[in-house]
Amino acid sequence: MATTQINTTINGEDYTHEVEPRLLLVHYLREVAGLTGTHVGCETSLCGACTAIVDGQAVKTCTMLAVQADGADITTIEGLAQDGELHPIQEGFWERHGLQCGFCTPGMIVAAHQLLERNPSPTEEEIRHGLEGNFCRCTGYQHIVDAVQYAAEKMQG
Amino acid sequence: MIASSFEYFAPTSVDEALSLLSEHGDDAKILAGGHSLIPAMKLRLAEPAVLIDIQRVEGLKGISESDGKLVIGALATHHELESSDLVNRTLPILAQTAGEIGDVQVRNKGTIGGSLSHADPAADWPATILALDADLKIVGSGGERVVKATDFFEELYTTALEADEILTEIHVSIPDGNTTGTYLKLHQVASGFALTGVAAVLSKSGDVCENIAVGITGVSDVPYRASEVESALAGRALTADNIAAAAEKAADGVDILEDIHASEAYRSNLAKVYTRRAIEGAAS
Ligand SMILES: Cc1cc2nc3c(=O)[nH]c(=O)nc-3n(C[C@H](O)[C@H](O)[C@H](O)COP(=O)(O)OP(=O)(O)OC[C@H]3O[C@@H](n4cnc5c(N)ncnc54)[C@H](O)[C@@H]3O)c2cc1C
Ligand code: FES
Ligand code: FES
(Lines give C-alpha, C1' and ligand atoms only; values in the text may rest on other atoms or scores of the structure.)
(Ligands and ions follow the chains in the order given, each with its own letter.)
Protein backbone atom coordinates (compact mmCIF):
# COMPACT_ATOMS: atom_id res chain seq x y z
CA MET A 1 0.00 0.00 0.00
CA ALA A 2 1.62 3.20 -1.19
CA THR A 3 1.53 6.08 1.24
CA THR A 4 2.30 9.76 0.96
CA GLN A 5 3.83 11.91 3.67
CA ILE A 6 1.81 14.92 4.73
CA ASN A 7 2.76 17.79 7.01
CA THR A 8 0.07 19.96 8.50
CA THR A 9 -0.38 22.45 11.28
CA ILE A 10 -3.55 21.75 13.23
CA ASN A 11 -4.62 24.24 15.89
CA GLY A 12 -1.05 25.54 16.02
CA GLU A 13 0.66 22.17 16.38
CA ASP A 14 2.71 20.46 13.69
CA TYR A 15 1.76 16.98 12.51
CA THR A 16 3.59 14.64 10.13
CA HIS A 17 2.14 11.32 8.99
CA GLU A 18 2.33 8.78 6.21
CA VAL A 19 -1.19 8.35 4.82
CA GLU A 20 -2.92 6.45 2.07
CA PRO A 21 -3.93 8.97 -0.63
CA ARG A 22 -7.56 7.89 -0.40
CA LEU A 23 -7.81 8.77 3.29
CA LEU A 24 -10.38 11.54 3.76
CA LEU A 25 -9.32 14.58 5.74
CA VAL A 26 -12.10 14.03 8.29
CA HIS A 27 -10.81 10.52 8.99
CA TYR A 28 -7.27 11.86 9.22
CA LEU A 29 -8.34 14.45 11.77
CA ARG A 30 -10.32 11.98 13.86
CA GLU A 31 -8.44 8.72 13.57
CA VAL A 32 -4.85 9.72 12.87
CA ALA A 33 -4.51 13.08 14.61
CA GLY A 34 -6.95 12.01 17.35
CA LEU A 35 -9.08 15.15 17.09
CA THR A 36 -12.59 13.76 17.33
CA GLY A 37 -14.37 17.10 17.68
CA THR A 38 -14.91 17.23 13.92
CA HIS A 39 -17.88 14.96 13.28
CA VAL A 40 -18.93 12.70 10.44
CA GLY A 41 -22.63 13.14 9.74
CA CYS A 42 -23.77 12.34 6.22
CA GLU A 43 -20.37 11.65 4.65
CA THR A 44 -21.92 12.88 1.39
CA SER A 45 -20.95 16.60 1.43
CA LEU A 46 -24.36 17.77 2.57
CA CYS A 47 -24.63 18.19 6.35
CA GLY A 48 -21.57 20.23 7.28
CA ALA A 49 -20.86 18.34 10.54
CA CYS A 50 -17.32 17.73 9.28
CA THR A 51 -16.53 21.42 8.63
CA ALA A 52 -13.02 22.60 9.51
CA ILE A 53 -11.02 25.61 8.40
CA VAL A 54 -8.25 24.78 5.96
CA ASP A 55 -5.98 27.70 5.03
CA GLY A 56 -8.65 30.16 6.03
CA GLN A 57 -11.51 28.47 4.17
CA ALA A 58 -14.31 26.51 5.82
CA VAL A 59 -14.49 23.17 4.02
CA LYS A 60 -16.36 19.90 4.33
CA THR A 61 -13.52 17.60 5.33
CA CYS A 62 -15.45 14.51 4.20
CA THR A 63 -15.04 15.86 0.67
CA MET A 64 -11.33 16.50 0.80
CA LEU A 65 -8.43 14.08 0.82
CA ALA A 66 -5.88 14.33 3.60
CA VAL A 67 -3.15 14.56 0.95
CA GLN A 68 -4.80 17.71 -0.44
CA ALA A 69 -4.16 19.29 2.96
CA ASP A 70 -0.39 18.72 2.83
CA GLY A 71 1.24 21.97 3.99
CA ALA A 72 -2.07 23.40 5.19
CA ASP A 73 -2.88 25.32 8.33
CA ILE A 74 -6.00 23.74 9.79
CA THR A 75 -8.30 24.89 12.57
CA THR A 76 -10.80 22.49 14.08
CA ILE A 77 -13.35 23.03 16.83
CA GLU A 78 -10.65 22.06 19.35
CA GLY A 79 -8.61 25.08 18.27
CA LEU A 80 -11.16 27.79 19.02
CA ALA A 81 -11.04 28.06 22.81
CA GLN A 82 -7.94 29.92 24.03
CA ASP A 83 -6.32 29.33 27.43
CA GLY A 84 -9.41 27.60 28.77
CA GLU A 85 -11.68 30.48 27.67
CA LEU A 86 -14.47 29.57 25.29
CA HIS A 87 -14.44 31.38 21.95
CA PRO A 88 -17.30 33.95 21.80
CA ILE A 89 -19.15 31.73 19.30
CA GLN A 90 -18.90 28.76 21.66
CA GLU A 91 -20.05 31.01 24.48
CA GLY A 92 -22.99 32.15 22.33
CA PHE A 93 -24.07 28.54 21.74
CA TRP A 94 -23.89 27.98 25.51
CA GLU A 95 -25.71 31.17 26.48
CA ARG A 96 -28.38 31.05 23.79
CA HIS A 97 -29.00 27.29 23.83
CA GLY A 98 -27.72 26.82 20.29
CA LEU A 99 -27.59 23.04 20.65
CA GLN A 100 -29.54 20.05 21.81
CA CYS A 101 -27.83 16.76 20.92
CA GLY A 102 -24.71 18.68 19.89
CA PHE A 103 -23.85 16.55 16.90
CA CYS A 104 -23.97 19.40 14.39
CA THR A 105 -22.42 21.90 16.79
CA PRO A 106 -18.70 21.68 15.92
CA GLY A 107 -19.43 22.15 12.21
CA MET A 108 -21.97 24.87 12.95
CA ILE A 109 -19.52 26.80 15.13
CA VAL A 110 -16.68 26.49 12.62
CA ALA A 111 -18.97 27.63 9.78
CA ALA A 112 -20.17 30.53 11.95
CA HIS A 113 -16.51 31.42 12.51
CA GLN A 114 -16.02 31.78 8.73
CA LEU A 115 -19.25 33.76 8.45
CA LEU A 116 -18.26 36.31 11.13
CA GLU A 117 -14.78 36.64 9.71
CA ARG A 118 -16.24 37.63 6.33
CA ASN A 119 -19.17 39.58 7.71
CA PRO A 120 -18.69 40.72 11.34
CA SER A 121 -22.23 42.05 11.80
CA PRO A 122 -24.55 39.89 9.73
CA THR A 123 -28.32 40.28 9.57
CA GLU A 124 -30.48 37.32 10.55
CA GLU A 125 -30.93 36.48 6.87
CA GLU A 126 -27.19 36.62 6.27
CA ILE A 127 -26.62 34.27 9.20
CA ARG A 128 -29.13 31.77 7.83
CA HIS A 129 -27.61 32.05 4.36
CA GLY A 130 -24.06 31.75 5.72
CA LEU A 131 -24.94 28.53 7.54
CA GLU A 132 -26.87 26.97 4.66
CA GLY A 133 -24.27 24.22 4.34
CA ASN A 134 -24.88 22.99 7.89
CA PHE A 135 -27.84 20.93 8.96
CA CYS A 136 -29.24 20.66 12.46
CA ARG A 137 -31.89 18.04 13.17
CA CYS A 138 -32.74 19.27 16.67
CA THR A 139 -32.90 22.99 17.26
CA GLY A 140 -34.97 24.36 14.41
CA TYR A 141 -32.10 26.84 13.87
CA GLN A 142 -33.59 29.81 15.75
CA HIS A 143 -31.33 29.36 18.75
CA ILE A 144 -28.36 28.89 16.46
CA VAL A 145 -29.12 32.25 14.85
CA ASP A 146 -29.42 33.77 18.32
CA ALA A 147 -26.07 32.24 19.30
CA VAL A 148 -24.32 33.72 16.28
CA GLN A 149 -25.90 37.12 16.95
CA TYR A 150 -24.65 36.93 20.54
CA ALA A 151 -21.15 36.14 19.28
CA ALA A 152 -21.22 38.91 16.67
CA GLU A 153 -22.10 41.48 19.32
CA LYS A 154 -19.48 40.20 21.72
CA MET A 155 -16.77 40.11 19.06
CA GLN A 156 -17.58 43.67 17.98
CA GLY A 157 -16.82 44.61 21.58
CA MET B 1 -17.61 5.44 1.69
CA ILE B 2 -13.96 4.95 0.96
CA ALA B 3 -12.63 5.45 -2.55
CA SER B 4 -10.67 2.72 -4.35
CA SER B 5 -6.92 3.01 -4.01
CA PHE B 6 -5.08 5.27 -6.40
CA GLU B 7 -1.67 6.74 -6.93
CA TYR B 8 -1.46 10.44 -6.10
CA PHE B 9 0.63 13.14 -7.75
CA ALA B 10 0.73 16.85 -6.90
CA PRO B 11 2.52 18.61 -9.78
CA THR B 12 3.42 22.28 -9.42
CA SER B 13 3.42 23.28 -13.09
CA VAL B 14 1.15 22.77 -16.08
CA ASP B 15 3.96 21.01 -17.97
CA GLU B 16 4.48 18.56 -15.15
CA ALA B 17 0.73 17.90 -14.98
CA LEU B 18 0.59 17.34 -18.75
CA SER B 19 3.46 14.87 -18.76
CA LEU B 20 1.82 12.93 -15.91
CA LEU B 21 -1.41 12.91 -17.92
CA SER B 22 0.25 11.56 -21.05
CA GLU B 23 2.26 9.02 -19.05
CA HIS B 24 -0.81 7.56 -17.31
CA GLY B 25 -3.33 8.04 -20.09
CA ASP B 26 -6.88 6.96 -19.47
CA ASP B 27 -6.03 5.66 -15.98
CA ALA B 28 -5.51 9.20 -14.73
CA LYS B 29 -7.88 11.94 -13.67
CA ILE B 30 -7.25 15.57 -12.86
CA LEU B 31 -8.28 16.66 -9.35
CA ALA B 32 -9.18 20.33 -8.88
CA GLY B 33 -11.49 21.27 -5.98
CA GLY B 34 -12.63 17.66 -5.76
CA HIS B 35 -16.26 18.57 -5.11
CA SER B 36 -17.60 16.54 -7.98
CA LEU B 37 -14.83 13.96 -8.33
CA ILE B 38 -14.35 12.95 -4.68
CA PRO B 39 -18.08 12.26 -4.09
CA ALA B 40 -18.06 10.14 -7.27
CA MET B 41 -14.93 8.29 -6.11
CA LYS B 42 -16.45 7.63 -2.68
CA LEU B 43 -19.43 6.04 -4.40
CA ARG B 44 -16.99 4.24 -6.71
CA LEU B 45 -18.74 5.71 -9.70
CA ALA B 46 -15.23 6.88 -10.59
CA GLU B 47 -12.20 4.71 -9.86
CA PRO B 48 -9.19 6.43 -11.37
CA ALA B 49 -5.91 4.56 -10.80
CA VAL B 50 -4.01 7.84 -10.77
CA LEU B 51 -5.03 11.23 -9.42
CA ILE B 52 -3.21 14.33 -10.60
CA ASP B 53 -3.97 17.09 -8.12
CA ILE B 54 -3.52 20.44 -9.88
CA GLN B 55 -4.32 22.63 -6.89
CA ARG B 56 -0.60 23.44 -6.41
CA VAL B 57 -0.17 24.76 -9.95
CA GLU B 58 0.10 28.52 -9.36
CA GLY B 59 -0.29 29.30 -13.08
CA LEU B 60 -3.88 28.05 -13.03
CA LYS B 61 -4.96 30.42 -10.25
CA GLY B 62 -6.15 33.98 -10.08
CA ILE B 63 -8.48 36.40 -11.83
CA SER B 64 -7.06 39.34 -13.76
CA GLU B 65 -7.87 41.88 -16.45
CA SER B 66 -5.94 41.95 -19.70
CA ASP B 67 -6.69 43.66 -23.04
CA GLY B 68 -10.33 44.28 -22.26
CA LYS B 69 -10.84 40.72 -21.07
CA LEU B 70 -11.34 39.07 -17.76
CA VAL B 71 -8.90 36.18 -17.51
CA ILE B 72 -10.08 33.58 -15.02
CA GLY B 73 -7.72 30.79 -13.98
CA ALA B 74 -9.34 27.35 -14.09
CA LEU B 75 -8.62 26.97 -10.37
CA ALA B 76 -10.48 30.14 -9.36
CA THR B 77 -12.97 29.00 -6.76
CA HIS B 78 -16.65 29.86 -6.80
CA HIS B 79 -16.03 31.93 -3.67
CA GLU B 80 -13.19 33.88 -5.28
CA LEU B 81 -15.42 34.71 -8.22
CA GLU B 82 -18.32 35.63 -5.94
CA SER B 83 -16.22 37.98 -3.80
CA SER B 84 -13.71 39.44 -6.29
CA ASP B 85 -13.94 43.25 -6.61
CA LEU B 86 -12.72 43.03 -10.19
CA VAL B 87 -15.45 40.55 -11.13
CA ASN B 88 -18.16 42.49 -9.32
CA ARG B 89 -17.09 45.68 -11.09
CA THR B 90 -16.63 44.31 -14.63
CA LEU B 91 -18.93 41.29 -14.96
CA PRO B 92 -21.27 41.11 -11.96
CA ILE B 93 -23.26 38.27 -13.56
CA LEU B 94 -20.27 35.99 -12.88
CA ALA B 95 -20.29 36.88 -9.19
CA GLN B 96 -24.05 36.40 -9.13
CA THR B 97 -23.77 32.95 -10.72
CA ALA B 98 -21.02 31.89 -8.31
CA GLY B 99 -23.15 32.92 -5.34
CA GLU B 100 -25.92 30.57 -6.46
CA ILE B 101 -23.73 27.46 -6.32
CA GLY B 102 -24.08 24.98 -3.45
CA ASP B 103 -23.26 26.41 -0.05
CA VAL B 104 -20.38 28.34 1.53
CA GLN B 105 -18.14 25.30 2.00
CA VAL B 106 -18.77 24.08 -1.56
CA ARG B 107 -18.01 27.54 -2.96
CA ASN B 108 -14.79 27.70 -0.95
CA LYS B 109 -13.44 24.57 -2.58
CA GLY B 110 -15.10 24.04 -5.97
CA THR B 111 -13.53 25.65 -9.03
CA ILE B 112 -14.96 27.11 -12.22
CA GLY B 113 -12.61 24.96 -14.30
CA GLY B 114 -13.72 21.82 -12.50
CA SER B 115 -17.37 22.66 -12.95
CA LEU B 116 -17.02 23.35 -16.68
CA SER B 117 -14.89 20.23 -17.26
CA HIS B 118 -17.29 18.05 -15.33
CA ALA B 119 -20.27 19.35 -17.37
CA ASP B 120 -23.00 18.27 -15.00
CA PRO B 121 -26.27 19.03 -16.83
CA ALA B 122 -27.54 20.87 -13.74
CA ALA B 123 -24.39 22.93 -13.07
CA ASP B 124 -24.69 26.70 -12.97
CA TRP B 125 -21.55 27.97 -14.71
CA PRO B 126 -22.36 26.63 -18.19
CA ALA B 127 -25.40 28.93 -18.61
CA THR B 128 -23.44 32.08 -17.85
CA ILE B 129 -20.31 31.06 -19.72
CA LEU B 130 -22.46 30.41 -22.80
CA ALA B 131 -24.32 33.71 -22.52
CA LEU B 132 -21.02 35.59 -22.19
CA ASP B 133 -19.54 33.87 -25.26
CA ALA B 134 -16.46 32.92 -23.26
CA ASP B 135 -13.32 31.45 -24.79
CA LEU B 136 -11.89 28.42 -23.04
CA LYS B 137 -8.13 27.97 -23.19
CA ILE B 138 -7.00 24.37 -23.24
CA VAL B 139 -3.51 22.86 -23.26
CA GLY B 140 -2.48 19.32 -24.10
CA SER B 141 0.50 17.39 -25.32
CA GLY B 142 -0.32 18.70 -28.80
CA GLY B 143 -0.09 22.33 -27.67
CA GLU B 144 -2.60 25.02 -26.91
CA ARG B 145 -6.03 25.70 -28.39
CA VAL B 146 -9.01 27.90 -27.71
CA VAL B 147 -12.54 26.50 -27.79
CA LYS B 148 -15.59 28.71 -27.80
CA ALA B 149 -18.04 28.03 -24.99
CA THR B 150 -20.69 27.24 -27.61
CA ASP B 151 -18.48 24.39 -28.93
CA PHE B 152 -17.33 23.11 -25.53
CA PHE B 153 -20.30 21.16 -24.16
CA GLU B 154 -20.86 18.04 -26.27
CA GLU B 155 -22.92 15.51 -24.37
CA LEU B 156 -23.97 14.63 -20.83
CA TYR B 157 -20.78 14.99 -18.75
CA THR B 158 -18.78 15.26 -21.95
CA THR B 159 -16.89 18.28 -23.23
CA ALA B 160 -14.45 19.08 -26.01
CA LEU B 161 -11.57 18.28 -23.60
CA GLU B 162 -9.46 15.29 -24.65
CA ALA B 163 -8.20 12.89 -21.99
CA ASP B 164 -4.70 14.39 -22.15
CA GLU B 165 -5.82 18.01 -21.97
CA ILE B 166 -6.27 20.53 -19.18
CA LEU B 167 -8.58 23.53 -19.16
CA THR B 168 -6.32 26.40 -18.09
CA GLU B 169 -8.19 29.70 -18.45
CA ILE B 170 -11.57 31.17 -19.19
CA HIS B 171 -11.53 34.45 -21.12
CA VAL B 172 -14.54 36.75 -21.08
CA SER B 173 -14.72 40.08 -22.91
CA ILE B 174 -15.55 42.91 -20.55
CA PRO B 175 -18.66 44.57 -22.00
CA ASP B 176 -19.29 48.29 -22.19
CA GLY B 177 -21.44 50.00 -19.58
CA ASN B 178 -24.49 49.48 -21.79
CA THR B 179 -24.57 45.72 -21.28
CA THR B 180 -26.33 44.09 -18.38
CA GLY B 181 -26.91 40.52 -17.32
CA THR B 182 -28.83 38.39 -14.85
CA TYR B 183 -28.51 34.77 -13.80
CA LEU B 184 -31.65 33.26 -12.35
CA LYS B 185 -32.01 29.77 -10.99
CA LEU B 186 -34.56 27.45 -9.48
CA HIS B 187 -32.71 25.36 -6.89
CA GLN B 188 -33.56 21.70 -6.63
CA VAL B 189 -34.37 21.76 -2.92
CA ALA B 190 -32.32 18.78 -1.80
CA SER B 191 -29.18 19.09 -3.90
CA GLY B 192 -29.18 22.83 -4.55
CA PHE B 193 -28.30 22.22 -8.20
CA ALA B 194 -30.23 24.01 -10.96
CA LEU B 195 -33.56 22.54 -11.96
CA THR B 196 -33.37 25.40 -14.41
CA GLY B 197 -30.78 28.15 -14.63
CA VAL B 198 -30.96 30.98 -17.14
CA ALA B 199 -28.32 33.60 -17.87
CA ALA B 200 -29.47 36.57 -19.94
CA VAL B 201 -27.00 39.18 -21.17
CA LEU B 202 -28.20 42.11 -23.27
CA SER B 203 -27.40 45.59 -24.47
CA LYS B 204 -29.98 48.17 -25.41
CA SER B 205 -30.23 51.51 -27.06
CA GLY B 206 -33.14 53.36 -25.56
CA ASP B 207 -35.84 50.72 -25.28
CA VAL B 208 -34.59 48.59 -28.10
CA CYS B 209 -32.64 45.42 -27.55
CA GLU B 210 -29.42 45.60 -29.58
CA ASN B 211 -27.78 42.29 -28.68
CA ILE B 212 -28.98 39.50 -26.51
CA ALA B 213 -27.55 36.16 -25.46
CA VAL B 214 -29.39 33.58 -23.36
CA GLY B 215 -27.69 30.51 -21.87
CA ILE B 216 -29.77 27.76 -20.27
CA THR B 217 -28.70 24.94 -17.95
CA GLY B 218 -30.58 22.19 -16.12
CA VAL B 219 -33.16 21.72 -18.88
CA SER B 220 -31.37 19.45 -21.32
CA ASP B 221 -28.48 16.94 -21.29
CA VAL B 222 -26.30 19.72 -22.59
CA PRO B 223 -26.50 23.41 -21.68
CA TYR B 224 -27.50 25.52 -24.67
CA ARG B 225 -27.92 28.98 -26.13
CA ALA B 226 -31.59 29.77 -26.64
CA SER B 227 -31.03 31.13 -30.14
CA GLU B 228 -34.75 31.25 -30.99
CA VAL B 229 -35.31 33.55 -28.02
CA GLU B 230 -32.36 35.70 -29.02
CA SER B 231 -33.49 36.18 -32.61
CA ALA B 232 -37.07 36.89 -31.52
CA LEU B 233 -35.90 39.80 -29.37
CA ALA B 234 -32.83 41.29 -31.05
CA GLY B 235 -33.68 44.63 -32.64
CA ARG B 236 -37.07 44.83 -30.95
CA ALA B 237 -38.42 46.91 -28.09
CA LEU B 238 -37.94 45.34 -24.67
CA THR B 239 -41.61 45.50 -23.74
CA ALA B 240 -43.17 43.00 -21.36
CA ASP B 241 -45.15 41.48 -24.25
CA ASN B 242 -42.15 41.11 -26.53
CA ILE B 243 -40.07 39.57 -23.76
CA ALA B 244 -42.82 37.13 -22.84
CA ALA B 245 -43.38 36.13 -26.48
CA ALA B 246 -39.66 35.55 -27.03
CA ALA B 247 -39.30 33.57 -23.79
CA GLU B 248 -41.98 31.14 -25.01
CA LYS B 249 -39.32 29.83 -27.40
CA ALA B 250 -36.84 28.95 -24.60
CA ALA B 251 -37.22 25.19 -25.04
CA ASP B 252 -37.87 25.11 -28.80
CA GLY B 253 -36.02 22.34 -30.57
CA VAL B 254 -34.44 21.14 -27.33
CA ASP B 255 -34.31 17.57 -26.08
CA ILE B 256 -35.68 18.09 -22.57
CA LEU B 257 -34.51 16.12 -19.53
CA GLU B 258 -36.99 14.19 -17.46
CA ASP B 259 -36.14 12.69 -14.06
CA ILE B 260 -37.54 12.21 -10.56
CA HIS B 261 -37.20 15.93 -9.89
CA ALA B 262 -39.15 17.28 -12.84
CA SER B 263 -41.16 16.04 -15.80
CA GLU B 264 -40.45 17.15 -19.33
CA ALA B 265 -43.49 19.42 -19.34
CA TYR B 266 -42.52 21.05 -16.06
CA ARG B 267 -38.91 21.64 -17.13
CA SER B 268 -40.03 23.10 -20.42
CA ASN B 269 -42.34 25.47 -18.56
CA LEU B 270 -39.58 26.39 -16.11
CA ALA B 271 -37.26 27.21 -18.99
CA LYS B 272 -39.81 29.67 -20.38
CA VAL B 273 -40.68 31.29 -17.07
CA TYR B 274 -37.06 31.66 -15.92
CA THR B 275 -36.04 32.96 -19.33
CA ARG B 276 -38.71 35.63 -19.18
CA ARG B 277 -37.72 36.63 -15.66
CA ALA B 278 -33.99 36.64 -16.42
CA ILE B 279 -34.49 38.86 -19.47
CA GLU B 280 -36.76 41.17 -17.48
CA GLY B 281 -34.08 41.30 -14.80
CA ALA B 282 -31.34 42.10 -17.29
CA ALA B 283 -33.49 44.70 -19.07
CA SER B 284 -34.57 46.60 -15.96
C1 LIG C 1 -22.93 19.51 -1.74
C2 LIG C 1 -22.61 20.02 -3.11
C3 LIG C 1 -23.46 20.93 -3.72
C4 LIG C 1 -23.18 21.41 -4.98
N5 LIG C 1 -24.04 22.31 -5.55
C6 LIG C 1 -23.79 22.79 -6.80
C7 LIG C 1 -24.67 23.73 -7.43
O8 LIG C 1 -25.68 24.18 -6.85
N9 LIG C 1 -24.36 24.15 -8.67
C10 LIG C 1 -23.24 23.73 -9.34
O11 LIG C 1 -23.01 24.16 -10.45
N12 LIG C 1 -22.38 22.86 -8.76
C13 LIG C 1 -22.64 22.38 -7.51
N14 LIG C 1 -21.75 21.48 -6.95
C15 LIG C 1 -20.58 21.05 -7.71
C16 LIG C 1 -19.40 21.97 -7.41
O17 LIG C 1 -19.62 23.24 -7.99
C18 LIG C 1 -18.09 21.38 -7.91
O19 LIG C 1 -17.08 22.06 -7.25
C20 LIG C 1 -17.79 21.51 -9.40
O21 LIG C 1 -18.81 20.96 -10.18
C22 LIG C 1 -16.52 20.78 -9.78
O23 LIG C 1 -15.41 21.57 -9.50
P24 LIG C 1 -14.17 20.99 -8.73
O25 LIG C 1 -13.10 22.01 -8.79
O26 LIG C 1 -14.60 20.57 -7.40
O27 LIG C 1 -13.75 19.78 -9.68
P28 LIG C 1 -13.29 18.27 -9.39
O29 LIG C 1 -14.31 17.55 -8.62
O30 LIG C 1 -11.90 18.28 -8.86
O31 LIG C 1 -13.25 17.73 -10.89
C32 LIG C 1 -14.43 17.50 -11.63
C33 LIG C 1 -14.08 16.87 -12.99
O34 LIG C 1 -13.44 17.80 -13.83
C35 LIG C 1 -12.11 17.38 -14.18
N36 LIG C 1 -11.29 18.60 -14.09
C37 LIG C 1 -11.23 19.48 -13.03
N38 LIG C 1 -10.48 20.53 -13.34
C39 LIG C 1 -10.04 20.35 -14.61
C40 LIG C 1 -9.24 21.14 -15.50
N41 LIG C 1 -8.74 22.33 -15.13
N42 LIG C 1 -8.98 20.64 -16.74
C43 LIG C 1 -9.51 19.43 -17.12
N44 LIG C 1 -10.27 18.66 -16.33
C45 LIG C 1 -10.55 19.12 -15.09
C46 LIG C 1 -11.76 16.30 -13.18
O47 LIG C 1 -10.88 15.36 -13.74
C48 LIG C 1 -13.12 15.70 -12.87
O49 LIG C 1 -13.46 14.78 -13.85
C50 LIG C 1 -22.01 20.98 -5.67
C51 LIG C 1 -21.14 20.08 -5.06
C52 LIG C 1 -21.41 19.59 -3.79
C53 LIG C 1 -20.45 18.64 -3.15
S1 FES D 1 -20.11 14.60 6.99
FE2 FES D 1 -19.22 15.99 5.62
S3 FES D 1 -20.89 17.15 4.95
FE4 FES D 1 -21.85 15.64 6.19
S1 FES E 1 -28.17 19.96 18.01
FE2 FES E 1 -28.69 17.98 17.32
S3 FES E 1 -28.27 18.12 15.21
FE4 FES E 1 -28.03 20.14 15.85
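**Exercise 1. Polar contacts of ligand 1**

How far does a backbone N or O atom of Ser36(B) lie from an oxygen atom of ligand 1? Extend the analysis to the surroundings of the ligand.

*Solution.* The model is a predicted one.

Step 1. For Ser36(B), the distance between a backbone N or O atom and an oxygen atom of ligand 1 is 2.9 Å. With a cut-off of 3.5 Å for a pair of N or O atoms, such a pair is a polar contact.

Step 2. Gly33(B) likewise places a backbone N or O atom 2.8 Å from an oxygen atom of ligand 1. In Thr111(B) the side chain supplies the N or O atom, which is 2.6 Å from an oxygen atom of the ligand.

Step 3. On its own, ligand 1 has 960 Å² of accessible area, and the protein covers 94% of this.

**Exercise 2. The shell around ligand 1**

Determine which chains and elements surround ligand 1.

*Solution.* Step 1. The ligand is surrounded by 31 residues; the closest are Ile30(B), His35(B), Leu37(B), Thr111(B) and Asp124(B).

Step 2. The surrounding residues come from chains A and B, so the site is shared between chains.

Step 3. In chain B, strand 2 (28-31), helix 7 (112-118) and strand 10 (165-173) are the elements that give two or more residues to the shell. Helix 7 of chain B gives the most, with four residues.

**Exercise 3. The nonpolar cores**

Describe the largest nonpolar core and explain where it lies relative to the domains of chain B.

*Solution.* Step 1. The largest nonpolar core comprises 40 residues. Among those with the most contacts inside it are Ile72(B), Leu94(B), Ile129(B) and Phe152(B).

Step 2. Helix 8 (residues 125-131) of chain B gives the most to this core, namely five residues.

Step 3. Because domain 2 (58-173) and domain 3 (179-283) of chain B both give residues to the core, it lies between them.

Step 4. Taking Leu94(B) as an example, and leaving aside residues up to four places away in sequence, its contacts are Leu70(B), Ile72(B), Val87(B), Trp125(B), Thr128(B), Ile129(B) and Leu132(B).

Step 5. Another core, of 34 residues, lies apart from the largest one; it includes Ile10(A), Val59(A), Leu37(B) and Ala46(B).

**Exercise 4. The domains of chain A**

State how chain A is divided and how its domains are placed.

*Solution.* Step 1. Chain A consists of domain 1 (4-79) and domain 2 (88-156).

Step 2. The C-alpha centres of these two domains of chain A are 21 Å apart.

Step 3. Across the boundary, 17 residues of domain 1 of chain A are in contact with 15 residues of domain 2 of chain A.

Conventions:
Residues numbered from 1 in each chain as written. Chains lettered and ligands numbered in written order. Predicted model: local features only at pLDDT ≥ 70, side-chain atom pairs only at ≥ 80, totals over all residues. Heavy atoms only, no water. Core = buried A, V, L, I, M, F, W, Y, C linked by side-chain atoms within 4.5 Å. Buried < 20%, exposed > 50% of the residue type's maximum accessible area, 1.4 Å probe, protein only. Domains from an automatic or database assignment. Contact = heavy atoms within 4.5 Å. Near = heavy atom within 4 Å. Polar contact = N/O pair within 3.5 Å; in protein donor to acceptor, adjacent residues only side chain to side chain. Areas by Shrake-Rupley, 256 points an atom, 1.4 Å probe, with all protein chains shown as cover.
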